[in-house]
Amino acid sequence: MNSTNRASRDCGRTILKNLATGKFDLDIDTANSFTLNITSDTTPANKRGKRAIIFQKPMEGTVALELEVYPFEIYKMFGDGTVITQTGDYPHADSVKCREAGVLAVPENVKSLQVYSKGNLGQEDAEIEGTVEGTKFTATTASEIAVGSTYDIVYMAQGGKAIAINDDLQMPDYKLDTDIITKDELGVWSTEHVTCYKSTAQRNIELAYTADGDPASLTITFDLLTDENGDFVEIMTPESASGTTGE
């Protein structure tokens, strides 16, 4: 007996299992959309110039996830699946307002600090000489740092976590499992589960950060593959998830 008709306005929760390590690697429960696409071209056999028999070519497929809210670690699927826990220092620029004549407050233990008049960062004749002690930069010529004025500073900040993305890194294969919440015509909520047995993320990344309009979004597209057991995609509904699959 067929189950009750159902519909969905949910984009699911997707967990990724790294096939090389056998461990669940990422939990994506913030996607705004989950799009599964499967195609299979056909090859006809003709009889007297007319199609008589159709043969199916191997299936191809993709899964696309669109996100606006996501963890930093999601980028690791574009590298080799790992996160570098400690990186080297990197240059950081900031603007600081003077509240004490001849002195600027700066972060503690800054390295290679350079100070410039506002809007002139990098211009040699605009650099202000001075010394750093603790969290204070003191100008050699006190009159060059005036109370109420803002100055540009650049220094080497301490690095943190990083994800390397380059052609020398081999991207990991993942098994994708996604739960989609559905509601049937009787008002009963249930689940559909989509399994993509083997997939690899396309290394296509576009991040557009803007101060106006919509928030920055990230779309991840996975190419679907057939695993060693011949499995490709499976869509199922757990019988225990609702009363709609019984007799």
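## A three-stranded sheet

Let's start with an open sheet of three strands, ordered β9-β13-β12 and paired in the antiparallel sense. Its edges are β9 (103–105) and β12 (130–133), each of which pairs on one side only. On average, neighbouring strands here are turned by 20° against each other, direction ignored. That angle is taken between N-to-C directions on a scale from 0 to 180 degrees, with axes as lines fitted to C-alpha atoms. Strands are DSSP runs of E with at least two residues, numbered from the N terminus, and two of them pair if DSSP finds at least two bridges between them.

Between β9 and β13 (residues 136–139) there are three bridges, in the antiparallel sense. One residue to look at is valine 103, whose bridge partner in β13 is threonine 138.

## What you're looking at

This is a predicted model, where local features need pLDDT of at least 70, side-chain atom pairs count only at pLDDT 80 or more, and totals for chains, interfaces and linings use all residues. Residues are numbered from 1 along each chain as its sequence is written, and side-chain values use heavy atoms, with hydrogens and water left out.

## Salt bridges

The count comes to seven salt bridges, taking one to be a side-chain nitrogen of Lys or Arg within 4 Å of a carboxyl oxygen of Asp or Glu. Among them is the pair of glutamate 192 and arginine 6, with the closest N and O atoms 3.8 Å apart. Glutamate 192 sits in strand β16 and arginine 6 in strand β1 (residues 6–7), so this contact ties together parts that are 186 residues apart in sequence. Glutamate 192 is partly exposed at 27% relative accessibility, and arginine 6 is partly exposed too, at 22%. For the labels: buried means under 20% relative accessible area, exposed over 50%, and partly exposed in between (1.4 Å probe, protein chains only).

Arginine 13 and aspartate 27 also form a salt bridge, and their closest N and O atoms are 2.5 Å apart. Here the link runs from strand β2 (residues 13–18), home of arginine 13, to strand β3 (residues 23–28), home of aspartate 27, so it ties together parts that are 14 residues apart in sequence. Arginine 13 has a relative accessible area of 45%, and aspartate 27 has 35%.

Back at the sheet, lysine 136 forms a salt bridge with glutamate 100, with 3.8 Å between the closest N and O atoms. Lysine 136 is in β13 and glutamate 100 is in the loop between β8 (90–97) and β9, so the pair joins parts that are 36 residues apart in sequence. Lysine 136 is partly exposed at 41%, and glutamate 100 is partly exposed at 41%.

## Cysteines without disulfides

A search of the whole structure turns up zero disulfides, meaning pairs of cysteine sulfur atoms within 2.5 Å. Take cysteine 11: its closest cysteine sulfur belongs to cysteine 196 and is 15 Å away, too far for a bond. Cysteine 11 counts as buried at 17% relative accessibility, and cysteine 98 is buried at 2%.

## A nonpolar patch

On the surface, Ile165, Ile205, Leu207 and Tyr209 make a nonpolar patch of about 370 Å². Patch members have over 30% relative accessible area and no salt bridge, with nonpolar side chains (Val, Leu, Ile, Met, Phe, Trp, Tyr) joined within 5 Å and like charges within 9 Å. The areas come from the Shrake-Rupley method with a 1.4 Å probe, and for residues only the protein chains shown count as cover.

Leucine 207 lies in the loop between β16 (189–201) and β17 (218–225). Leucine 207 is partly exposed, with a relative accessible area of 31%.

Key:
Helix = DSSP H or I, 4+ residues; strand = E, 2+ residues; numbered from the N terminus.
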